[in-house]
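The following exercises concern helix packing, residue exposure and the surroundings of a ligand. Each task is followed by a solution in steps.

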Amino acid sequence: MLIIGILIILILIFSLPRKKNLRKPSFEGFDSPEVAAAFEKMTNFLPFKILRRRILSELKKYNLKGKLVDLGCGSGNLIIQIANNFPNLDLKGVDISSDVLELAKKRVLENNLNKKIEFKIGSAADFPFSDNSIDFIISTLSLHHWQEPTKALSEIFRVLKQNGIFLIFDFRRDARKFFYGLLKFVTKVVVPKVLKEINEPIGSLQAGYTPTEIRRIISQTSFDNIEIDLYLAWMFIKMKK
Ligand SMILES: C[S@@+](CC[C@H](N)C(=O)[O-])C[C@H]1O[C@@H](n2cnc3c(N)ncnc32)[C@H](O)[C@@H]1O
């Protein structure tokens with residue numbers, strides 16, 4: 001019975017067409033302590049934990065050394081796990097929102113990692129690092145918030161060392177219709193009110209790029225070594241300088 005149920009769900013997921021909707025830009029930073037705290041609560045939910053596990057296993061494929069930046073680091077969950085798994089890295093977290101950075105700094109202190117991780121307030125489009133200074137940049141669920149993605153990607157290219165890598169994980173807006181339905185249901189059941197009021201998380205999905213759109217944006221930058229792995233409602237983009 002269970003197997004038949006799972007099969008029906010899988011058929012539903014893959015048979016429903018992809019959503020073809022126009023991109024609706026999102027807000028850039030989490031500009032209120034309430035929104036930051038509500039998002040922080042959400043990051044403890046299973047899908048976020050699975051994402052972080054997936055990112056860590058991806059990072060283990062690289063011979064990581066030197067300086068790694070988590071761009072749009074939010075309240076610091078991922079960078080703390082990176083610090084615990086890669087103790088020799090020089091870690092920096094960057095975010096445009098001072099409210100989430102306050103949460104990140106508090107959490108880093110609680111984990112006794114304040115000597116290992118430094119946080120900087122700043123925008124992807126005006127990246128607070130010097131040229132050719134960073135070995136690896138990671139960014140999860142942040143790209144769709146950036147108001148100037150081409151400028152941001154050019155900044156990322158500028159600060160990466162030669163052969164440096166930028167790894168992005170983000171939603172793709174052309175997800176299957178089923179995923180939109182699922183996200184709307186989850187929103188009703190578990191998402192804090194303050195996030196619903198700003199149309200999250202569905203607003204983030206609607207602000208996501210399609211693979212074609214992101215390829216077009218990347219083509220306006222100096223990155224030419226690009227790999228995009230596509231999944232149901234999200235994608236991994238790897239770029240090498
Ligand atoms: C959905 S949260 C993701 C946080 C974290 N990376 C995660 O996966 O849990 C998006 C984060 O990107 C930050 N952000 C948005 N636009 C940004 C920009 N232009 N530069 C830097 N950070 C930005 C927001 O303030 C927010 O903390």
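A residue counts as buried if 20 or more other C-beta atoms lie within 10 Å of its own, as exposed if 12 or fewer do, and as partly exposed in between. The model examined here is predicted.

**Exercise 1.** Determine whether Lys-105 is buried, exposed or partly exposed, and place Lys-105 in the fold.

*Solution.* Begin with the secondary structure: Lys-105 belongs to helix 5. Next, count the neighbours: 17 other C-beta atoms lie within 10 Å, so Lys-105 is partly exposed. Finally, consider a pair distant in sequence: Gly-76 is 29 residues away from Lys-105 along the chain, and their C-alpha atoms are 7.8 Å apart.

**Exercise 2.** Describe how helix 2 packs against helix 5.

*Solution.* First, take the geometry: the axes of helix 2 (residues 33-42) and helix 5 (residues 98-110) approach to within 8 Å, crossing at roughly 50 degrees. Helix 2 is therefore oblique to helix 5, since an angle between 35 and 65 degrees falls outside both the roughly parallel and the roughly perpendicular ranges. The handedness of this crossing is right-handed. Then identify the residues: helix 2 contributes Pro-33, Ala-36 and Glu-40 to the contact, while helix 5 contributes Asp-99, Val-100 and Leu-103. By character, four residues of this contact are nonpolar, none is polar and two are charged.

**Exercise 3.** Carry out the corresponding analysis for helix 3 and helix 4.

*Solution.* The axes of helix 3 (residues 46-59) and helix 4 are 10 Å apart, and the packing angle is about 40 degrees. The two helices, helix 3 and helix 4, are therefore oblique to each other. Their crossing is right-handed. On the side of helix 3, the contact involves Arg-52, Ile-55, Leu-56 and Leu-59; on the side of helix 4, Asn-77, Leu-78, Gln-81, Ile-82 and Asn-85 take part. The contact of helix 3 with helix 4 comprises five nonpolar residues, three polar and one charged.

**Exercise 4.** How many residues surround the ligand, and which are the closest?

*Solution.* The ligand is surrounded by 22 residues, of which Gly-72, Gly-74, Ser-97, Ser-142 and His-145 are the closest. To relate this shell to the secondary structure, note that helix 4 (77-85) and strand 2 (90-95) each provide at least two of its residues. Sorting the shell by character gives ten nonpolar, ten polar and two charged residues.

Note on methods. Residues numbered from 1 in each chain as written. Predicted model: local features only at pLDDT ≥ 70, side-chain atom pairs only at ≥ 80, totals over all residues. Axes fitted to C-alpha atoms, helices over the stretch in contact; angles between N-to-C directions. Helix = DSSP H or I, 4+ residues; strand = E, 2+ residues; numbered from the N terminus. Parallel < 35°, antiparallel > 145°, perpendicular 65-115°, else oblique. Left-handed = near helix turned anticlockwise from the far one by under 90°. Contact = placed C-beta atoms within 7 Å. Nonpolar A, V, L, I, M, F, W, Y, C, P; charged D, E, K, R; others polar. Near = placed C-beta within 6 Å.
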